[in-house]
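These are my notebook entries on a single protein chain. I set down what I looked up, topic by topic.

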Amino acid sequence: MSAGDDHGYSDSGTGRTDDGYSTLGGTRQTRTRFPDGEGGDGYGGSRRPARSSRSLVMVVGVVVLLIAAIAFANMGGGGNDGASSGGNGGGNKAGAAPTAATGTKPVTGKNGTIASGFAHDEQGAQSAATNYAVALGSADMFNAAARRGILQATHDPAVVDRLQADMDKAYSASLFTNVGLNEDGSTPSGLTFISRTVPVGTKVTKQTGDTATVEVWCTGLVGMAGQGSTKPVTETWFTITENLKWVGNDWKIESSNQTEGPTPVSGGNRASTADDIAGAVEQYGGFTYAR
């Protein structure tokens with residue numbers, strides 16, 4: 001999550017094709033086939049004849065094409081692959097569909113635990129904004145020393161001092177108690193504090209050379225997991241807008257703000273136990289994100 005608004009981040013028929021898939025209204029849906037049993041096919045019918053050699057050749061051909069496509073995709077990542085969507089010899093990577101990965105290597109290093117060394121182009125700006133959103137929505141932001149390290153790693157040095165002072169005021173005793181922490185920011189005994197941001201997508205709304213404005217649509221988790229918690233872990237949806245500047249050979253945040261949503265309709269999944277949530281957060285690590 002970001003710690004949220006509380007701390008300033010502000011488809012008539014059916015048929016079956018020859019390849020084993022069923023179709024519904026034009027939509028291909030996978031049909032699972034179980035292994036043939038003795039004298040039957042797992043569904044109570046007679047055993048199906050073996051696939052013809054022609055079908056086998058077709059299947060092998062598809063597999064070979066898939067392997068070739070994967071190998072081709074993994075050949076990229078060189079310095080010229082990071083051309084911006086303006087298109088100066090960078091191929092069509094940057095012009096791919098909004099949800100498609102570009103294949104450009106995201107970073108060259110790390111600043112502490114935060115990715116750094118982003119490409120000086122639109123893709124690099126999106127990657128930077130995404131990783132910075134994750135850091136700024138982490139549980140470490142509720143620890144004064146860790147928070148200052150995050151701000152220094154993600155922001156333009158020219159604004160860090162003022163921002164640190166503002167954040168120290170925002171992360172107050174009242175905010176801590178509101179999320180279930182003790183007034184000093186520590187976690188109550190026997191409980192696990194959770195604050196995690198998960199980016200869903202990015203959009204560049206403006207870019208000129210050394211500046212870029214990137215919106216990062218996110219979902220987040222925040223709350224306290226454990227027996228007796230009065231602040232159960234809940235999900236939030238929000239969009240962080242980051243104004244980035246190219247400073248010291250990397251993208252840094254000059255300013256940012258947060259708005260609520262877009263928020264989807266809840267799927268109505270059964271809520272897991274507090275122990276399950278705590279275990280999941282401890283066992284499942286995060287990622288370095290790349291556009």
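Before reading accessibilities, I fix the terms: a residue is buried under 20% relative accessible area, exposed over 50%, and partly exposed in between. I also note that the model is predicted.

**Entry 1. Overall composition**

I looked up the secondary structure and found six helices and nine strands in the protein. The chain has 291 residues, of which 33% are buried. I then took the accessible surface, which comes to about 17,100 Å². Carbon and sulfur atoms account for 53% of that surface.

**Entry 2. The nonpolar core**

I asked which residues have the most contacts inside the largest nonpolar core. They are F142 and W251, in a core of 36 residues. I next listed the elements that give two or more residues to this core. The helices on that list are α2 (122–136), α3 (144–154), α4 (157–170) and α5 (173–178). The strands on it are β5 (114–116), β7 (211–225), β8 (234–246) and β9 (251–260). Helix α2 supplies the largest share of the core, at seven residues.

**Entry 3. Helices α2 and α3**

As both helices contribute to the core, I looked up how they pack. The angle between α2 and α3 is about 170°, and their axes lie 10 Å apart. An angle over 145 degrees counts as roughly antiparallel, so α2 and α3 are roughly antiparallel to each other. On the α2 side, the contact is made by Y132, A135 and L136. On the α3 side, I read I150, L151, A153 and T154. By class, I record six nonpolar residues, one polar residue and no charged residues in this contact.

**Entry 4. Q123 and T113**

I turned to Q123, which sits in helix α2. Is Q123 buried or exposed? Its relative accessible area is 4%, so Q123 is buried. I then looked up its distance to R291: the two are 168 residues apart along the chain, and their C-alpha atoms are separated by 5.7 Å.

T113 is in the loop between β4 (109–111) and β5. With a relative accessibility of 73%, T113 counts as exposed. I paired T113 with A135, a residue 22 positions away along the chain, and read a C-alpha separation of 8.9 Å. A135 is also one of the α2 residues in the contact with α3.

**Entry 5. D276**

I located D276 in helix α6, which spans 274–283. The relative accessible area of D276 is 47%; this value lies between the two cut-offs, so D276 is partly exposed. D276 and A225 are 51 residues apart in sequence, and I read 8.7 Å between their C-alpha atoms.

**Entry 6. Backbone geometry**

I checked the backbone at two places. At N249, phi is near 65°, a positive value in a residue other than glycine. N249 belongs to the loop between β8 and β9. How exposed or buried is N249? Its relative accessibility is 64%, and N249 therefore counts as exposed.

The second place is the peptide bond from G261 to P262, which is cis, with omega near -5°. P262 lies in the loop between β9 and α6.

Terms used: Residues numbered from 1 in each chain as written. Predicted model: local features only at pLDDT ≥ 70, side-chain atom pairs only at ≥ 80, totals over all residues. Heavy atoms only, no water. Core = buried A, V, L, I, M, F, W, Y, C linked by side-chain atoms within 4.5 Å. Buried < 20%, exposed > 50% of the residue type's maximum accessible area, 1.4 Å probe, protein only. Helix = DSSP H or I, 4+ residues; strand = E, 2+ residues; numbered from the N terminus. Axes fitted to C-alpha atoms, helices over the stretch in contact; angles between N-to-C directions. Parallel < 35°, antiparallel > 145°, perpendicular 65-115°, else oblique. Contact = heavy atoms within 4.5 Å. Nonpolar A, V, L, I, M, F, W, Y, C, P; charged D, E, K, R; others polar. Areas by Shrake-Rupley, 256 points an atom, 1.4 Å probe, with all protein chains shown as cover.
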